[in-house]
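Please open the model in the viewer and keep the sequence panel at hand. The tour proceeds by selection, with a short account of what is found at each stop.

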Amino acid sequence: MTDIDTRTEEQFDHRDSAPGEERITEHELAGGLSGYLLGYGLAILLTIASFLAAQTDLIYQPAVISALVVLAIAQMGVHLVFFLHLTTGPDNTNNLLALAFGVLIVALVVLGSVWIMAHLDLNMAPMSARQAGMMP
């Protein structure tokens, strides 16, 4: 390969890279620092927005929980992309599959636990007032 071909390939890689993905060159000091700083700034902004949503009246009160869930999901996305460098590139396919499998297992455990507790609650014998008074 010639130098011209290498430069063209490098430029193509920069245009095709995800926000948190960076190419660290051999002679670069503190490689990837700008991506980490951008991710850190976004994480701080999302944290401040979460506190503002919870402690002020900027958002309609019944919608605060929905706003906090959306901000938390955005926060997880920032952390996955900028700090864990999880992208949709072909070299990250195994990481994405591992993340999807982990999310599936956690969802199965949480939803299964809720389903079991709801089923037990429905099938419990009703408690009398005397029995309830003896509860610690």
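Select leucine 52 to begin: in this predicted model, its relative accessible area is 41%, so leucine 52 is partly exposed. The residue belongs to helix α2.

Next, extend the selection to Tyr40, Ile44, Ile48 and Leu58 together with Leu52. These residues form a nonpolar patch on the surface, and their accessible area together is about 500 Å².

Now display helix α2 as a whole, residues 33-55. Does the distance between its ends agree or disagree with the expected span? For the 23 residues of α2, a rise of 1.5 Å a residue gives 33 Å, and the end C-alpha atoms are 33 Å apart, so the two values agree.

Within α2, select Gly35, Gly39, Ala43, Leu46 and Ala53, which are the buried residues of this helix. Then bring helix α3, residues 64-83, into view. Helix α3 is included in what covers the buried residues of α2.

The next stop is glutamine 75, which is located in helix α3. Is glutamine 75 buried or exposed? Its relative accessible area is 19%, and the cut-off for buried is under 20%, so glutamine 75 counts as buried. Apart from neighbours within four places in sequence, glutamine 75 is in contact with Ala43, Leu46 and Thr47. Ala43 and Leu46 are among the buried residues of α2.

Move along α3 to valine 64. Valine 64 has a relative accessibility of 8% and is therefore buried. Which residues does valine 64 contact, once neighbours within four places in sequence are set aside? The contacts are Ala53, Ala54 and Ile59. To check one of these approaches, draw a distance between C-alpha atoms: valine 64 and alanine 53 are separated by 6.3 Å, although they lie 11 residues apart along the chain.

For the final stop, show the aromatic rings; the structure holds one aromatic pair. Tyrosine 36 and phenylalanine 83 form this pair, which is stacked, with 6.2 Å from centre to centre and 15° between the planes. The pair links distant parts of the chain, since tyrosine 36 lies in helix α2 and phenylalanine 83 in helix α3, 47 residues apart. With the surface turned on, both partners can be inspected in turn. Tyrosine 36 has a relative accessible area of 34% and is thus partly exposed. Phenylalanine 83, at 27% relative accessibility, also counts as partly exposed.

Definitions and conventions:
Residues are numbered from 1 along each chain as its sequence is written. This is a predicted model: local features need pLDDT of at least 70, side-chain atom pairs count only at pLDDT 80 or more; totals for chains, interfaces and linings use all residues. Side-chain values use heavy atoms; hydrogens and water are left out. Rings of Phe, Tyr and Trp (its six-membered ring) pair if their centres lie within 6.5 Å; planes under 30 degrees apart count as stacked, over 60 as edge-to-face and the rest as tilted. Helices (H or I, at least four residues) and strands (E, at least two) are DSSP runs, numbered from the N terminus. Buried means under 20% relative accessible area, exposed over 50%, partly exposed in between (1.4 Å probe, protein chains only). Contact means heavy atoms within 4.5 Å. Patches are made of residues with over 30% relative accessible area and no salt bridge: like charges are joined within 9 Å, nonpolar side chains (Val, Leu, Ile, Met, Phe, Trp, Tyr) within 5 Å. Accessible areas come from the Shrake-Rupley method with a 1.4 Å probe; for residues, only the protein chains shown count as cover. A salt bridge is a side-chain nitrogen of Lys or Arg within 4 Å of a carboxyl oxygen of Asp or Glu. The expected span of a helix is 1.5 Å times one less than its number of residues.
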